[in-house]
Amino acid sequence: MSKYPKIKLPLPGPKARKIIERDHALLSPSFTRSYPLVAHRAKGVWIEDPDGNIFLDFTAGIAVTSTGHCHPKVVQAIKKQADKLLHMSGTDFYYTSQIELAERLAKLAPGKFKKRVFFTNSGAEAVEAAFKLARYATKREKMISFFGAFHGRTFGALSLTGSKIKQRENFGSLVPGVHHVGYGNCYHCPYNLTYPECKLDCVDYIEHTLFKRIVPPEEVAAIIVEPIQGEGGYVVPPPGWHQRLRALTKKYGILLIADEVQAGMGRTGKMFAIEHWGVEPDIIVTAKGIASGLPLGAMIARKDLMIWKPGAHASTFGGNPVACAAALATLDLLESKLIKNAQVTGDYLKKKLTDLAKRFPAIGDVRGLGLMVGIEIVKDRSVKTPNPVLRDKIIDLAFSRGLLLLGCGETGIRFCPPLIVKKKEVDIAVRILETCFEKAHV
Ligand code: PLP
């Protein structure tokens, strides 16, 4: 496959168009596709559509293909496991790949305490498991989550989500007992304050307002937090923010759940993003990048919390042996060099985008850690007015030039390429992006 985007306009080409017509006739219209990419085959950071067009993938299939598309070591592990055992369900039976993966994750997750692991098929299910375990273990009902958070679309996970109204409207009552508060988003401070003069008032608000007026702290089972908000706009909270939250939860015997579904598995330059703040959550949920594209999620919890009885929670497919084998191969690759690459190449990407922002005032902010990098598109930098129309236009232009990007938040663009991405591929991506801003006359 080419090492440079190769596009024959107009897109979609004739073959892709036919596939899209078939899809539109039958598949759910609830998906959020913003441009017509049909993925035919892929290798590394490159995707080919059925018409032979070649795209540079800075989406990793929504931050999933951490080791690149079809990494030979992951494919080999999948094939080997598929020849041996496809399924037997860890709910009722035993097999080694699931145990081996649990052992690795328990060792890798922050916290010297003993842990237990529960496997799922997706991020939302891992969040559900954490929500249920938090209630079960503490016998408390209430949960605190953040505006801008995305935790998934099943009812429990959706109740914790505070991202976009269209994700909630028309679905009726959600799980009761969830309260949302402002996140540590210094670019758009929910309380209109400025860091560090604010002294992290957004965390203190939970104690000084929420706990005094609305929610008795002794009824709160857990606070769930994304170390870096993903769908909410790739928002990195300020130094000290997660530590303050951890101190607050400890003070009131509240569990801290880190949702690492998007930020975890090496993407930010550490295995788990919360490690950047040196915080040890009671429960971690992860999915997406864990198995390079096979459906797998995990909840890793303090051992003393997993007191639920047989039958209390389970999943037929969770911890599928082939997905676990893919995850084990993924972990090998992450540990051997990809986490390091996420840090080094991520810094390089951030610097290139910061340079680009000097030329184009429409780029209001550049932020992120490792290869979880976002830019925010604004009408006016001084007042940070969102410009989602321009954001969508830039993403469309990038697609027509062979660069795959995704939006995030109200007006952000995220850069979450596979963690194998090289500096020269970053150069290509940023050069294409530059031509998009030039074309859009901003
Ligand atoms: N949590 C976070 C932080 C996510 O970003 C997502 C998905 O984007 C989820 C949970 C839900 O994961 P899934 O789509 O696998 O259910």
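The following exercises, with worked solutions, concern a predicted model. Local features need pLDDT of at least 70 and side-chain atom pairs count only at pLDDT 80 or more, while totals for chains, interfaces and linings use all residues. Residues are numbered from 1 along each chain as its sequence is written, and side-chain values use heavy atoms, with hydrogens and water left out.

**Exercise 1. The open sheet**

Determine which strands stand at the edges of the sheet with the order 1-2-3-13.

Solution. Strands are DSSP runs of E with at least two residues, and helices are runs of H or I with at least four, numbered from the N terminus. Two strands pair if DSSP finds at least two bridges between them. The sheet is open, has four strands and shows mixed pairing. Strand 1 (41-43) and strand 13 (403-404) each have a single partner strand, so one side of each lacks a neighbour in the sheet; these are the edge strands. Strand 13 pairs with strand 3 (residues 54-57) in the parallel sense over two bridges. Within this pairing, Leu 56 has Leu 403 as its bridge partner.

**Exercise 2. The two sides of helix 3**

Identify the buried residues of helix 3 and establish how they are arranged around the axis.

Solution. Helix 3 comprises residues 72-84. Buried means under 20% relative accessible area, exposed over 50%, and partly exposed in between (1.4 Å probe, protein chains only). By this criterion Val 74, Ala 77, Ile 78 and Gln 81 are buried. They cover an arc of only 100° around the axis, taken from the directions from the helix axis to the C-beta atoms, and therefore lie on the same side of helix 3. On the other side, Pro 72, Gln 76, Lys 79, Lys 80 and Asp 83 are exposed. Helix 4 (96-108) and helix 9 are among the elements that cover the buried residues.

**Exercise 3. A proline in a loop**

Decide whether Pro 110 is buried or exposed, and list the residues that Pro 110 touches.

Solution. Pro 110 lies in the loop between helix 4 and strand 4 (115-120). The relative accessible area of Pro 110 is 13%, so this residue is buried. Contact means heavy atoms within 4.5 Å. Not counting residues up to four places away in sequence, Pro 110 touches Lys 115, Phe 272, Ile 274, Glu 275, Val 279, Glu 280, Pro 281 and Ile 284. Val 279 is 169 residues from Pro 110 along the chain, yet their C-alpha atoms are separated by 7.6 Å.

Notes: Expected span 1.5 Å × (residues − 1).
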